[in-house]
Amino acid sequence: MTYLEPLYTIKVVCCNCEHEFETSRVRPSLKRAFRRDADFCAYYKEENPDYYVVRVCPSCGFASTENSVSRLADWQRKAINERISSRWQPRDFGGKRSWAEAMETYKLALICAQFIHDKERIVASLLHHIAWLYRYQGDNGQEQRFLQYSLESYIHVFEQDGVGGNDARLMFLIGEIYRRIGQFSEAVKWFSRLINDRRIMDASMIRAAREQWSVLREQMLGEESGPAAGTTLTGT
């Protein structure tokens with residue numbers, strides 16, 4: 001049986017300096033997670049596709065994802081060149097990445113996104129992915145820290161552009177992250193809001209909210225957290 005190399009390369013043109021470079025991706029046929037956490041963190045037996053989400057230009061150091069802005073304004077280029085490129089020691093992240101290298105690319109992408117004022121949803125996702133990377137390593141303290149950051153960012157996204165106030169996946173994520181950082185009463189509010197909003201038609205997210213509400217209730221009962229332990233969700 002022929003062994004299929006899990007990584008392949010694609011060519012990318014940097015939207016900051018226009019340098020063309022190669023970056024690796026995991027083959028779609030090998031993106032099979034054997035487990036997923038409720039907040040969508042996935043676990044893989046072989047190469048983790050999340051390690052290769054960020055694309056880093058080896059020439060100027062600009063880091064982004066395929067969902068980031070595709071063109072930079074002059075003021076954005078100026079910000080990157082002054083704050084990143086001027087201090088950049090040329091490095092190539094185009095091949096196989098270790099956990100540490102993946103973390104480095106995400107933190108670089110986060111800095112770049114903040115400097116160019118990229119969409120808040122991009123920033124939230126980067127923060128969430130960093131929390132996942134710490135979770136893979138069992139670093140609960142840092143995971144909790146970045147979950148808190150991502151939560152604040154996701155809430156800002158919801159307040160800014162929640163689709164008619166019923167972006168089901170976003171609402172679920174906010175509730176689930178509240179649960180993961182131990183703010184159970186806030187988690188209850190968001191799960192309840194998702195389940196009971198008649199405008200929401202996303203059956204899979206409603207089902208997921210019900211499942212996590214059951215997990216949450218067990219946590220609250222186990223920790224004897226007072227009146228919240230007896231809270232119930234309504235709706236059908």
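This short presentation concerns helix H3, the salt bridges, the cysteines and one annotated repeat in a predicted model.

Good morning, colleagues. Please keep in mind throughout that the model is predicted.

I begin with helix H3. The helix covers residues 120-136, and at 1.5 Å a residue its 17 residues should span 24 Å; the end C-alpha atoms are 25 Å apart, so the expected and computed spans agree. Of these 17 residues, 13 are buried, and H3 is accordingly described as mostly covered. After the helix comes Gly 138, with a positive phi near 75°.

Let me take one residue of H3 in detail. His 129 lies in this helix. Is His 129 buried or exposed? Its relative accessible area is 14%, and because buried means under 20%, His 129 counts as buried. A polar atom of the His 129 side chain lies 2.9 Å from the backbone oxygen of Ser 125. Leaving aside residues up to four places away in sequence, His 129 touches Asp 50 and Tyr 106.

A second residue of H3 takes us to the salt bridges. The count for the structure comes to 14 salt bridges. One of these joins the side chains of Asp 39 and Arg 135, with an N to O distance of 2.8 Å. Asp 39 lies in the loop between strand E3 (35-36) and strand E4 (42-43), whereas Arg 135 belongs to helix H3, so this pair ties together parts that are 96 residues apart in sequence. Both partners are buried: Asp 39 has a relative accessible area of 0%, and Arg 135 has one of 11%.

The salt bridge between Arg 35 and Asp 37 has an N to O distance of 3.2 Å. Here the two partners fall into separate classes of accessibility. Arg 35 is partly exposed, at 41% relative accessible area, while Asp 37 is buried, at 14%.

Which residues are linked in a network of salt bridges? The network contains Arg 35, Asp 37, Asp 39, Arg 135, Glu 143, Glu 176, Arg 179 and Arg 180. Both of the pairs I have just described therefore have their residues in this network.

For a salt bridge within a single helix, please turn to H1. Glu 82 forms a salt bridge with Lys 78, and the closest N and O atoms are 2.7 Å apart. The two residues are 4 apart in helix H1 (residues 74-83), which means that about one helical turn separates them. Glu 82 is partly exposed, with a relative accessibility of 45%.

I turn now to the cysteines. How many disulfides does the structure hold? The number is 0. Cys 57 illustrates the point. The closest cysteine sulfur to that of Cys 57 is in Cys 17, at 3.6 Å; this is too far for a bond, because a disulfide requires the two sulfur atoms to be within 2.5 Å. Cys 57 is buried, with a relative accessible area of 0%. Cys 41 is likewise buried, also with a value of 0%.

Cys 57 also appears among the contacts of Cys 14. Cys 14 lies in the loop between strand E1 (7-13) and strand E2 (20-26). At 4% relative accessibility, Cys 14 counts as buried. Not counting residues up to four places away in sequence, Cys 14 touches His 19, Phe 21, Cys 57, Cys 60 and Phe 62. Cys 14 and Phe 93, which are 79 residues apart in sequence, have C-alpha atoms 14 Å apart in space.

Next, the annotated repeat. UniProt, in an unreviewed entry, places the feature "repeat: TPR" at residues 168-201. In the model this span is 76% helix and 0% strand. The end C-alpha atoms of residues 168-201 lie 8 Å apart. Two members of the salt-bridge network mentioned earlier, Glu 176 and Arg 179, have numbers that place them in this span.

My last residue is Glu 218, found in helix H7 (residues 203-223). Glu 218 is exposed, with a relative accessible area of 53%. Between Glu 218 and Val 26 the separation is 192 residues in sequence and 37 Å in space, C-alpha to C-alpha.

To close, I return to H3. This helix is mostly covered, and through Arg 135 it is paired with Asp 39, in the loop between strands E3 and E4. Thank you for your attention.

Note on methods. Residues numbered from 1 in each chain as written. Predicted model: local features only at pLDDT ≥ 70, side-chain atom pairs only at ≥ 80, totals over all residues. Heavy atoms only, no water. UniProt positions renumbered as here; feature names shortened; annotations may be inferred. Expected span 1.5 Å × (residues − 1). Buried < 20%, exposed > 50% of the residue type's maximum accessible area, 1.4 Å probe, protein only. Polar contact = N/O pair within 3.5 Å; in protein donor to acceptor, adjacent residues only side chain to side chain. Contact = heavy atoms within 4.5 Å. Salt bridge = Lys/Arg side-chain N within 4 Å of Asp/Glu carboxyl O.
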